[in-house]
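Trainee: I should like to take a close look at a single part of this assembly. Please consider the structure shown here.

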Amino acid sequence: MSTPYAKLPAWADYGLIPLINLLVAFAVAGLVVLLVGENPFRAAVILVEGAFGSGQGIAYTLFYATNFIFTGLAVAVAFHCGLFNIGGEGQAYIAGLGVAAVALTFDSTLPWWVIFPLAIIASALVGALWALIPAYLQAKRGSHIVITTIMFNFIAASVMVYMLVNVLKPVGAMAPQTRQFLEGAQLPKLGWLLTELGMKVRPSVPLNISFVLALVMAFLVWVLIWRTKLGYEIRTMGFSPKAARYAGISESRIIIVTMLISGALAGMMAINPLMGDQHNVPLDFVGGAGFVGIAVALMGRSHPAGIVPAAILFGMLYQGGAELAFEMPNISRDMIVIIQGLVILFAGALENMFRPTIQGIFATLSPKSVGVVAAKGERA
Amino acid sequence: MAEAAIELVGINKSFGAVRANRDIALEIPRGTIHGIIGENGAGKSTLMSILYGFYQADSGEIRVNGRTASIKTPNDAIAAGIGMVHQHFMLVENFSVLENVILGAEGEALLNKSIAKARSELRRLEQEYGLEVDPDAIIEELPVGLQQRVEILKALYRGAEILILDEPTGVLTPAEADHLFRILQQLKDQGKTVVLITHKLREIMAITDNVSVMRQGTMVATRKTSETTVEELAELMVGRRVLLRVEKGEAKPGPVKLAVKGLTVKDSRGVTMVDNVSFDIRAGEIVGIAGVAGNGQSELMEAVSGIRKAVSGTVMLDGKPIDLTGQADPGELRDRGLAHVPEDRHHVGLVLAFDESENSILGYHDKPQYLKGPFLNLDAIQKDAQEKIEKYDIRPANPRLKTANFSGGNQQKIVLAREIEQDPGVLIVGQPTRGVDVGAIEFIHKRLIAMRDQGKAVLLVSVELDEIRSLSDRILVMFAGRVVGERGPETSEGELGLLMAGVEHKEAAE
Amino acid sequence: MEFVDTLINVLNSTIRLTVPLLLACLAGLYSERSGVFDIGLEGKMLAGAFAGAAAAAVFASAWIGLLVAILVSIGMSLVHGFASITHRGNQIVSGVAINFIAAGSTVILGQAWFQQGGRTPSLPPEARFGEIKLPGADALRDVPIIGHVYSGLLSGHSLLTYLAFLAVPFTWWVLFRTRFGLRLRAVGENPAAVDTAGISVAWLRYRAIICTGVLTGLAGCYMALAQNAGFVKDMTAGRGYIALAALIFAKWKPVPAMFACLLFGFLDALSIRLQGTPLPLIGKVPVQLMQALPYVLTVILLAGFIGKAIPPRAGGVPYVKER
């Protein structure tokens, strides 16, 4: 009953159990499809075809995935320190101000390859600043970071509405958004890459160079967490604050630094839709990507090598979901929100539900692999 | 002998591979105070938790008043008339005394009647046993002694005829402890049965009628208290273990490396854990601190190594003071040559989820030899870990393996290798061989002696008396936060045992 | 007199805007007092609103709507309990999951069943909770002040509104005057004390979150069946989180919870009323500032600048018997 979980082979721990959790999440989603009177298998086929069946589809899938890589990495970095940053949504949204500041100031004078790095710095900085206050309050005053980051999501939303309506909206314009960015603040598209591979892609497709930035960030996060002293300290803190104290690692410093990095990653997400697609800053451009990051990080087990595919999976759901909504009018894009919720439930909160069963199976099939021999001998 | 209130027959209980109780038999006569004594980890608390229904025995039988009782939950125990005062109080701290007393014994769905009933019942108990406590006081505002009284009241309110107290004096001042004993005496006079779990011999001799001794999960003896002596009990408790004598030459003490003066440390509840402790350690000697766990050794060690705040006193390392404000940087102390092998290797000394090589640099991860700028120098770290693995015969010899997959002895070697190989001037070692197999114990002991012979100062804290005796050049005994005596390594176990039990100390004070 | 009318108007809409917050806040109180953090109030409210509106539309009965809203909301609570009590999963993660599942499924099911883009059909009066006129409200209407307050402010609300405010003293009574309340408070502070007293920690917590389900169901039902005439996509619009903020603001106590909700409801009513009208002395206050104020206040409170909000001590930690 209260026996600790016996050990499973690594491939079962990192491969089998997450896979089973994911399958269950999709099976339950399939039930919902069934409930609204559609065939879940046909829905799955349409979804996958819509996402990967054409160059156009792939380009959109990767465009959405770009957002989720950023937000997934943001959540994951905080997880490594034992922190739950639920504020990626707000950090990305408010970072739109950083993008706007750079783009609107320089887009008539500088080329994109100068503005792009400036925008990266500005968005990361603003996102980090938005994470700084909750981080400081957690580190120095013990305020629960989950609650403060939720609150900061709402405060960010109010600030953005105010800024877009009262400050950034051009005089005389109706829509609460900035003016269109000029060419200097428009990022080069990557559709041509797929064309090179022999696929048909319209030039308007929004996949752009920030996808490359996302992949670079995924790599850098891996380097940070597993190859630097700072990453070592972050992981020590995440696994055991007592060991961190013993090792002379300052708890408040690590919490604040980790949250700054997390906020910066979330902030960079703003570049993709703003400079890569919309070419202005509209209301609500994050569109829930900050929360998808939670599902992506949980599914990817906080490792960039898991996060990138998980983000592409969610990109597929977003893109394929659009196709699905077209083919099956009963299934709108909100289906993805359900799947997202189910993934968070089964891969996150219920991650250990199937563990005892699987351990049981392993124990029966091959007692040595889980090391139960000694325990059995004791009981006799 | 009177009829048995409790009879235990063939109780067995294992936690994983650890056999906490083996084939325990015990008879406790009604209307007596029965002591159960043993070292930490002897299985006393587990046995009582089984009796109280908190755990279930793997096998065996419990009889209450001669009848077989099936005790599966605390509810069953309460129904059988058993009450328990836990070592860590089971009180809701922001509740009033009354609320705590009625919790789980409210009687009916609305509280007003049960509160009124409890109020008058408390008044009765107060008069009967001298258990005074303000029923409307909030628990967290009460001193520890009164909180414990509330625990006793809880049990009596539920109609307990048999009262188990688990290490009740651990958190009490001597005056509070004396008051508690008077209460227990009164309970006995009223016909209640009291079971007192403790590791303090003085308490056993002072108030029990009978005493049972546990050692390593087994019940080794039961005696009438009037027919036994402290010496006999101490020996039964510790047992005649095979002494792993380590060959060592004469110590050649050099200059003072670590000087502790007037050190006082309080825990988070404000209880004084280390009380005005002073001692020196010289280069080339091992100073052992003997004592039953919980007498302030852990706090002493943590304060000296800069990870716990001290209230007053000084600690000088090579003549320069250590920051005792709790804000010290343990990294800086490492640079000054102070290494620390903590007692709790699972949560403090190691990160079990890390690779072996990652743990081999914990605390030294900012040393230039392990870094290339801001990056970890993985090649250097691996090579370093591999060298330590060979030198300390750590198995399996794989620096990439998760630390959780190593045995206790090998985990301890990982910590020791890390701390010793940094060539510190002062080494503080806590429980170096707890949970470590025999082969590794010998190896670890030899290493510590070698440290001494290289002219290092070693502070050794251990609850294992034979370890202290075979390694130390001087032995300090701690009891209730104080150093109550200094002895040479040839001192007999019996004498040290008495000191550890606070007997000598008490007599000297009187 | 114009000022009094305006004031009465603002206060009246304060009450209307407070009710869903209050019900959700009390809902959270039961759960969190028992040691189960619940950031899924939003989702449960939304699910309750949808289920209530759907059932009321199909059966043309407000009462059936209410019943179904509560049942569905309890169902969502039980999922949270299954994850966080039975399987000792992360309570925050589980709450987030529930919010998403509710947000998505209400729209998908609504579209599939009613084909109105995720809305439910507009409800006829008999399928809603109408306004209740308190006795004598008409007669007193013209009496200065008292009449204004009685007929303009206190009278004319739905049954659920009165229920919500009655739930405040009721919750206080349950918490501090019943055995269940005593145990509930105890398990949120020190589950080991409850366990050793022979009470099942898990069953106690399950009962607490069922209370949460009932109240979030009522909250959702109020929004769909009293405040509005049906369900609209994402109609809770973050109220579950404001309720959470109010709960922290009230330091997990029922009566302060009511005042916190009234404060946040008042800020909301004011921001609607003021849309662009300048205030005397202060000048024009941006609507967004008023909207953000509850969150800002909560953060300041959490930071410990205006009294410390100490959550139930065992909150967020799954109970495991220690060895």
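What percentage of the 510 residues of chain B count as buried?

Mentor: Please bear in mind that this is a predicted model. Of the 510 residues in chain B, 48% count as buried. A compact globule with 510 residues would have a radius of gyration near 24 Å, and chain B agrees with this because its own value is 25 Å. Along the principal axes, the C-alpha atoms of chain B fill a box of roughly 70 × 50 × 45 Å. The secondary structure of chain B comprises 18 helices and 22 strands. Among the contacts in chain B with a separation of 6 or more, 68% join residues that are 24 or more positions apart.

Chain B also touches chain C, through a contact that takes 22 residues from chain B and 15 residues from chain C. On the chain B side, the elements that give two or more residues are α2 (74-79) and α4 (111-129). The most comes from α2(B), with three residues. By character, this side of chain B divides into twelve nonpolar, six polar and four charged residues.

For context, chain C also meets chain A: 39 residues of chain A are in contact with 37 residues of chain C. There, the elements of chain A that give two or more residues are α5 (112-141), α6 (145-168) and α15 (334-349). The residues on that side of chain A divide into 23 nonpolar, 13 polar and three charged.

Definitions and conventions:
Residues numbered from 1 in each chain as written. Chains lettered and ligands numbered in written order. Predicted model: local features only at pLDDT ≥ 70, side-chain atom pairs only at ≥ 80, totals over all residues. Contact = placed C-beta atoms within 7 Å. Helix = DSSP H or I, 4+ residues; strand = E, 2+ residues; numbered from the N terminus. Nonpolar A, V, L, I, M, F, W, Y, C, P; charged D, E, K, R; others polar. Rg over C-alpha atoms; globule rule 2.2 N^0.38 Å. Buried ≥ 20, exposed ≤ 12 C-beta atoms within 10 Å, placed from the backbone.
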